Amino acid sequence: MVRTDAPAVSIAEARREWIGTGWRADFRQGLAYPTVTRSAVGSQIMSRFWSSVVHGLSPYVPGEQPKLDGVVKLNTNENPYGPSPRVLAAIASATERLRLYPDPRASCLRETIAARYDVAPEEVFVGNGSDEVLAHTFQALLKHDAPLLFPDITYSFYPVYCGLYGIRYEEVPLDAAMRVQIADFRKPCSAILLPNPNAPTGIGLPREAIEALVTEHPDQLVVIDEAYVDFGAESAVSLVARHDNLLIVQTLSKSRALAGLRVGFAIGQRPLIEALERVKGSFNSYPLDCLAIAGAVAAIKDDAWFQETRERIIANRESLVRALSELGFEVLPSVANFVFARHRSRGGAHLAAQLRELGVLVRHFQKLRIEDFLRITVGTEDQCSRLIALASSLI
């Protein structure tokens with residue numbers, strides 16, 4: 001896979017570059033297709049039938065899903081307490097409608113979300129997880145001549161979507177404390193994308209900082225990815241009514257414990273939602289099945305279960321932070337359902353491997369600036385205790 005405007009790079013050379021730097025397809029300068037891709041280097045599989053887009057992709061690698069029982073799984077930020085019993089009942093009841101196509105507009109779910117967040121149903125878009133909602137956002141709203149801005153340490157799917165849709169982007173470095181500084185985004189751009197709280201750091205921005213960003217960029221869309229907002233951060237949904245350049249994306253995977261059901265949504269003024277609906281209608285008219293719609297509605301309506309489980313996770317997070325700190329870890333201030341921590345004298349990759357051998361999975365990223373950190377999901381009280389006990393034996 002060689003570009004006509006660049007010298008060939010051998011597979012061996014590319015493999016060394018990948019192993020050494022974690023290289024991926026780079027669209028930051030508008031480069032559409034790299035010389036050698038990670039997928040080609042890793043698998044050696046390619047075909048003459050591939051399009052040029054496929055040659056240039058470096059797909060997102062999700063967290064490990066173990067096949068064995070008894071593993072303490074703290075690597076993918078799932079909710080440890082499970083969904084509301086009302087969700088299970090609603091899904092069981094919806095099975096009698098499986099022979100029929102679901103409502104393509106998911107009207108009942110949109111109305112339920114609108115009532116929960118005090119917006120109009122026409123200002124709500126729903127999709128197959130927030131990943132799909134974000135994918136449609138990239139395609140419908142973020143592909144322009146100027147670059148898209150997002151943090152250099154953030155959700156690793158963002159550069160993947162830029163590669164898939166041919167979007168130029170520029171990474172804005174976090175500061176030395178791993179925080180987003182709004183002033184650093186004062187530069188020419190087509191749009192801005194921020195997770196709040198950020199991932200994998202878990203650090204959140206106050207609502208007034210988000211409004212300052214939106215106000216400073218009236219001619220650029222600002223997308224706030226609030227996947228983890230329910231665990232202690234401030235949502236910016238209340239700002240949508242007075243800012244036509246703001247889109248909020250959320251998911252039911254985390255705080256509502258529906259990661260396996262795949263439901264996400266966006267809230268924004270009607271013209272933004274219309275753009276997402278046009279893409280969805282051109283791609284898949286039925287993104288949510290009837291079971292997902294029924295379960296999601298029940299999850300949002302059972303506020304008591306939501307509040308109880310989120311409060312338990314927040315309490316477990318605070319206990320986990322204290323215990324990790326006592327073991328010599330530096331833990332970033334998290335308002336998510338995970339913590340981001342590094343030990344003062346032990347490497348992150350080595351610790352992650354040792355914990356895995358002991359049956360505990362945490363997430364480690366091979367990326368500059370964060371290679372010594374571990375992202376640890378906040379589990380149940382027992383799961384967190386087991387993690388601390390095993391980590392103590394390794395330190």
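**Helix crossings and empty spaces**

In this predicted model, helices α4 and α10 cross in a right-handed manner. Their axes, running through residues 85–94 for α4 and residues 290–301 for α10, come within 8 Å of each other and cross at roughly 150°. Angles over 145 degrees count as roughly antiparallel, so α4 is roughly antiparallel to α10. On the α4 side, the contact is made by Arg86, Val87, Ala90, Ile91 and Ala94. The α10 side supplies Cys290, Leu291, Ala294, Gly295, Ala298, Ala299 and Lys301. Sorted by class, the residues of this contact are 9 nonpolar, 1 polar and 2 charged.

Two packed helices are described by the angle between their axes and the distance between the axes. The pair α6 and α9 can be read in this way too. The axes of α6 and helix α9 (residues 270–283) come within 9 Å and cross at roughly 105°. Since angles of 65 to 115 degrees count as roughly perpendicular, α6 and α9 are therefore roughly perpendicular to each other. Where they meet, α6 contributes Glu132, His136, Thr137, Gln139, Ala140 and Leu141. Facing these residues in the contact are Leu272, Ala275, Leu276, Val279, Lys280 and Phe283 of α9. This contact holds 7 nonpolar, 3 polar and 2 charged residues.

Helix α6 also leads to the next topic, the open spaces. This helix, spanning residues 129–141, gives 3 residues to the lining of the second largest pocket, which is the largest share. The pocket holds about 600 Å³ of space, and 30 residues line it. Lying nearest its centre are Tyr60, Thr76, Tyr155, Tyr228 and Lys254. The lining of this pocket is made up of 13 nonpolar, 10 polar and 7 charged residues.

Enclosed spaces were examined as well. Rolling a probe the size of a water molecule over the atoms shows where empty space is left. Across the whole structure, the search finds 3 cavities of 30 Å³ or more. The largest cavity has a volume of about 50 Å³. Its lining consists of Arg116, Tyr117, Asp230, Gln250, Thr251, Leu252, Ser255, Arg256, Phe265 and Ile300. Two or more of the lining residues come from each of α5 (107–117) and β7 (246–251). Counted by class, the lining of the largest cavity includes 4 nonpolar, 3 polar and 3 charged residues.

Methods. Residues are numbered from 1 along each chain as its sequence is written. This is a predicted model: local features need pLDDT of at least 70, side-chain atom pairs count only at pLDDT 80 or more; totals for chains, interfaces and linings use all residues. Side-chain values use heavy atoms; hydrogens and water are left out. On a 1 Å grid over the protein atoms alone, a cavity is a set of points where a 1.4 Å probe fits but cannot get out, and a pocket is an open set with protein on both sides within 12 Å along at least five of seven lines; lining residues have an atom within 4 Å of a point. Grid points are joined across faces, edges and corners, and a volume is the space filled by probe spheres set on the points. Helices (H or I, at least four residues) and strands (E, at least two) are DSSP runs, numbered from the N terminus. Ala, Val, Leu, Ile, Met, Phe, Trp, Tyr, Cys and Pro count as nonpolar, Asp, Glu, Lys and Arg as charged, and the others, Gly among them, as polar. Axes are lines fitted to C-alpha atoms, for helices over the stretch in contact, and angles run from 0 to 180 degrees between N-to-C directions. Angles under 35 degrees count as roughly parallel, over 145 as roughly antiparallel, 65 to 115 as roughly perpendicular and the rest as oblique. A crossing is left-handed if the near helix is turned anticlockwise from the far one by less than a right angle, and right-handed if clockwise. Contact means heavy atoms within 4.5 Å.
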